[in-house]
Amino acid sequence: MKTPAPRETILSLFRQTPDGFVSGERISDELGVSRTAVWKHIRNLRQAGYQIEAIPSRGYQLQQSPDVLMPEAIQSGLECQLVGSRIISLDEADSTNLQACRLGDEGADDGLVVIADRQRSGKGRMGRRWESPGGVNLYASILLRPPVLPFEAPKLTFLSAVAVCRAIKNCTGLQPTVKWPNDILLNEAKVAGLLNEMSSETDQVHYVVLGIGVNLNMRAEQFPDDLRYPATSLAIATGKVVSRLGFTRSLLQELDALYQLYLEEGSAPVFTAWTELCDLTGKRVQVDCNNLLIEGTMVGLGDDGALLVRTSAGKIESIYAGDVRPV
């Protein structure tokens, strides 16, 4: 088992103490280091944004924690069987998906989560850029090794979408909707996007990376002017700052529960949950499939996750890639 980092151990001691006081001697004993080394670890925590007071004869007291996505803070109280068993948190990354794929190629375990405070080259669908400023949003990638054939793996996109919607409702009370195949909307504006990537052979999935970007506390002026689709954030929608830490915990727990359901019962219950979140079912839509426009009534999802559209001629079209919009 991986030995906890000193920072993780100290924060755990604070959480375990009812009055919040932990003596320097206890920290020294737990870490097996000198009191001078304890002071250095406390100083590092303060520099990271933790408000820690030293009270004579009582020890150290944690008075306030920053809203930063440190692994030990996320994992505190996290109730997951698999997802989040290991969490890597980066100040900056090219892309959390790229980092997770590299680690997947190196043999990283099932359930790994990679989080970045900001991304230099955030990735969206079809090579589009995902704006990723620091300190305000969630950029995460989850590595899974599902025991399924490659054609089954794209169905996990719907699992991600349902998990994000449930986390948003848990944390804000708002009920988002889903837009096929991988957008999450609030009042017709995009609040989150998904990008799944896979490494596989013909008959074997090596791993799937679920990339998730959620606009939590992004301000209106932080969105670029050339967006293809209206965007929003949870803070804009609610008028309140949303805890990144609380949202991340909720999302990982929802992902874990849905993934266990998927492994036990297949994709059907996930598709049902997704369809209930889609407000275009039964309505007229137009789908742009590489400049080929298909218009008709959205019927729902096929067993393989394809978008089903009934044309005016009565034919059911199965669509696997494209942008859908209401008519």
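## Helix packing and sheet order in a predicted model

Helices α6 and α8 are oblique to each other, because an angle counts as oblique when it falls outside the roughly parallel (under 35 degrees), roughly antiparallel (over 145) and roughly perpendicular (65 to 115) ranges, and their axes cross at roughly 140°. The structure is a predicted model. The crossing of α6 past α8 is right-handed.

On the α6 side, the contact is formed by Leu156, Leu159, Ser160, Val162, Ala163, Val164, Arg166, Ala167, Ile168, Asn170 and Cys171. These residues meet Gly246, Phe247, Ser250, Leu251, Glu254, Leu255, Leu258, Tyr259 and Tyr262 of α8. By class, the contact of α6 with α8 holds 14 nonpolar, 4 polar and 2 charged residues.

A second helix pair is α2 with α3, whose axes cross at roughly 100°. That angle makes α2 roughly perpendicular to α3. From α2, the residues in contact are Gly24, Glu25, Ile27, Ser28 and Leu31, and from α3 they are Arg35, Val38, His41 and Ile42. The contact of α2 with α3 divides into 4 nonpolar, 3 polar and 2 charged residues.

The axis geometry of both pairs is listed below.

| Helix pair | Residue ranges | Axes come within | Crossing angle |
|---|---|---|---|
| α6 and α8 | 156–172 and 244–265 | 8 Å | roughly 140° |
| α2 and α3 | 24–31 and 35–47 | 9 Å | roughly 100° |

Helices α2 and α3 also take part in the surroundings of helix α1 (residues 6–16). Within α1, the buried residues are Thr9, Ile10, Leu11, Leu13 and Phe14. They pack against α2, α3 and α4 (71–75), and against the strands β1 (21–22), β2 (51–55) and β3 (59–64).

The model also has an open sheet of 7 strands with mixed pairing, in the order β4-β5-β6-β10-β9-β8-β7. Its edge strands, β4 (86–93) and β7 (177–179), each pair on one side only. From one strand to the next, the twist averages 20°.

Within this order, β8 (residues 183–186) and β9 (residues 189–201) are joined by 4 bridges in the antiparallel sense. Leucine 186 is opposite alanine 189 of β9.

Helix α8 links the two parts of this description. Besides its contact with α6, α8 lies across β4, β5 (112–119), β6 (138–144) and β10 (204–214). Relative to β6, α8 runs at about 25°.

Terms used: Residues are numbered from 1 along each chain as its sequence is written. This is a predicted model: local features need pLDDT of at least 70, side-chain atom pairs count only at pLDDT 80 or more; totals for chains, interfaces and linings use all residues. Side-chain values use heavy atoms; hydrogens and water are left out. Axes are lines fitted to C-alpha atoms, for helices over the stretch in contact, and angles run from 0 to 180 degrees between N-to-C directions. A crossing is left-handed if the near helix is turned anticlockwise from the far one by less than a right angle, and right-handed if clockwise. Contact means heavy atoms within 4.5 Å. Ala, Val, Leu, Ile, Met, Phe, Trp, Tyr, Cys and Pro count as nonpolar, Asp, Glu, Lys and Arg as charged, and the others, Gly among them, as polar. Buried means under 20% relative accessible area, exposed over 50%, partly exposed in between (1.4 Å probe, protein chains only). Two strands pair if DSSP finds at least two bridges between them.
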